[in-house]
Amino acid sequence: MSGIRPQEVVEVLRCLEEETGAGRLVVLATAVSLDGSVFPRSGLPGLLALEGPRRSGLISLSELPAGLRRAAEEAAGKAVPALCCADLAEDDVLLGYGLGAPGRVEFLLEPVDGRLRAELRLLREALLKGKGL
């Protein structure tokens with residue numbers, strides 16, 4: 001199934017609450033485009049952990065390509081969103097296994113601060129109540 005599934009977004013947002021509630025810094029990574037065209041699952045968020053190992057719903061920076069890892073660390077350090085491109089394999093940790101479309105992917109990287117966390121909490125509540133995105 002292509003497109004974004006609400007349960008995927010809810011899982012990322014649940015993990016975001018756990019991580020930020022524990023005081024850990026995370027970066028929201030959203031796939032924007034693939035090779036300059038619209039990626040079928042554009043808008044699918046992923047949560048990048050700046051510290052610690054991979055946990056359910058969370059991708060460790062150590063698993064990322066070097067350029068994307070540096071961009072996520074820089075965005076977090078400056079506390080500003082950034083766009084970053086990365087060349088990913090067909091079966092990649094960020095896009096999911098079995099995607100079948102390797103290539104250059106553009107990501108929007110957003111350090112999660114209090115304001116963004118509050119907005120994402122509202123999104124999660126809407127999804128849990130069955131409202132659309």
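**Salt bridges, strands and one helix in a predicted model**

Me: Glu 119 forms a salt bridge with Arg 115, and how far apart are the closest N and O atoms?

Reply: This is a predicted model, in which local features need pLDDT of at least 70 and side-chain atom pairs count only at pLDDT 80 or more, while totals for chains, interfaces and linings use all residues. Side-chain values use heavy atoms, with hydrogens and water left out, and residues are numbered from 1 along each chain as its sequence is written. A salt bridge here is a side-chain nitrogen of Lys or Arg within 4 Å of a carboxyl oxygen of Asp or Glu. For Glu 119 and Arg 115 that criterion is met, with the closest N and O atoms at 3.0 Å.

Me: Which helix holds both Glu 119 and Arg 115?

Reply: Helices are DSSP runs of H or I with at least four residues, strands are runs of E with at least two, and both are numbered from the N terminus. Glu 119 and Arg 115 are 4 residues apart, about one turn, within residues 114-128, and the helix that holds both is H3.

Me: Is Arg 115 buried or exposed?

Reply: A residue is buried under 20% relative accessible area, exposed over 50% and partly exposed in between, using a 1.4 Å probe and protein chains only. Glu 119 reaches 43% and is therefore partly exposed. Arg 115, at 51% relative accessibility, counts as exposed.

Me: Which residues are joined into one network by salt bridges that share partners?

Reply: One link of the network is the salt bridge of Glu 18 with Arg 14, whose closest N and O atoms are 2.3 Å apart. These two residues are 4 positions apart in helix H1 (residues 6-21), which means that they are separated by about one helical turn. Glu 18 is partly exposed at 44% relative accessibility, and Arg 14 is also partly exposed, at 23%. Through shared partners, the salt bridges form one network from Glu 11, Arg 14 and Glu 18.

Me: How many salt bridges does the count come to?

Reply: Another example is Glu 74 with Lys 78, where the closest N and O atoms lie 3.3 Å apart; both residues belong to helix H2 (residues 66-78). Glu 74 is partly exposed at 47%, whereas Lys 78 is exposed at 54%. By the stated rule, the count of salt bridges is 7.

Me: What arc holds the buried residues of H2, seen down its axis?

Reply: The buried residues of H2 are Leu 68, Ala 71, Ala 72, Ala 75 and Ala 76. With the arc taken from the directions from the helix axis to the C-beta atoms, these residues line one face of the helix, because they fall within an arc of 130 degrees.

Me: Which exposed residues does the face of H2 turned away from its buried side carry?

Reply: The buried side of H2 is covered by elements including E1, E3, strand E5 (82-88) and E6, a contact being heavy atoms within 4.5 Å. On the face turned away from that side, the exposed residues are Arg 70, Gly 77 and Lys 78.

Me: How many residues of strand E1 (residues 26-34) are buried?

Reply: Two strands pair if DSSP finds at least two bridges between them. E1 pairs in the antiparallel sense with strand E3 (residues 45-49) over 5 bridges, and also in the antiparallel sense with strand E6 (residues 103-111) over 7 bridges. In E3 the bridge partner of Ala 29 is Gly 46, while Leu 28 stands opposite Glu 110 in E6. E1 is largely enclosed by the rest of the structure, because the number of its 9 residues that are buried is 8.

Me: How far apart in space are Cys 15 and Leu 58, C-alpha to C-alpha?

Reply: Cys 15 is found in helix H1 and is buried, with a relative accessible area of 1%. Although 43 residues separate Cys 15 and Leu 58 in sequence, their C-alpha to C-alpha distance is 6.9 Å.

Me: In what order do the elements of the protein chain run from the N terminus on?

Reply: The protein chain has 3 helices and 6 strands, and buried residues make up 41% of its 133 residues. From the N terminus on, the order of these elements is α-β-β-β-β-α-β-β-α.
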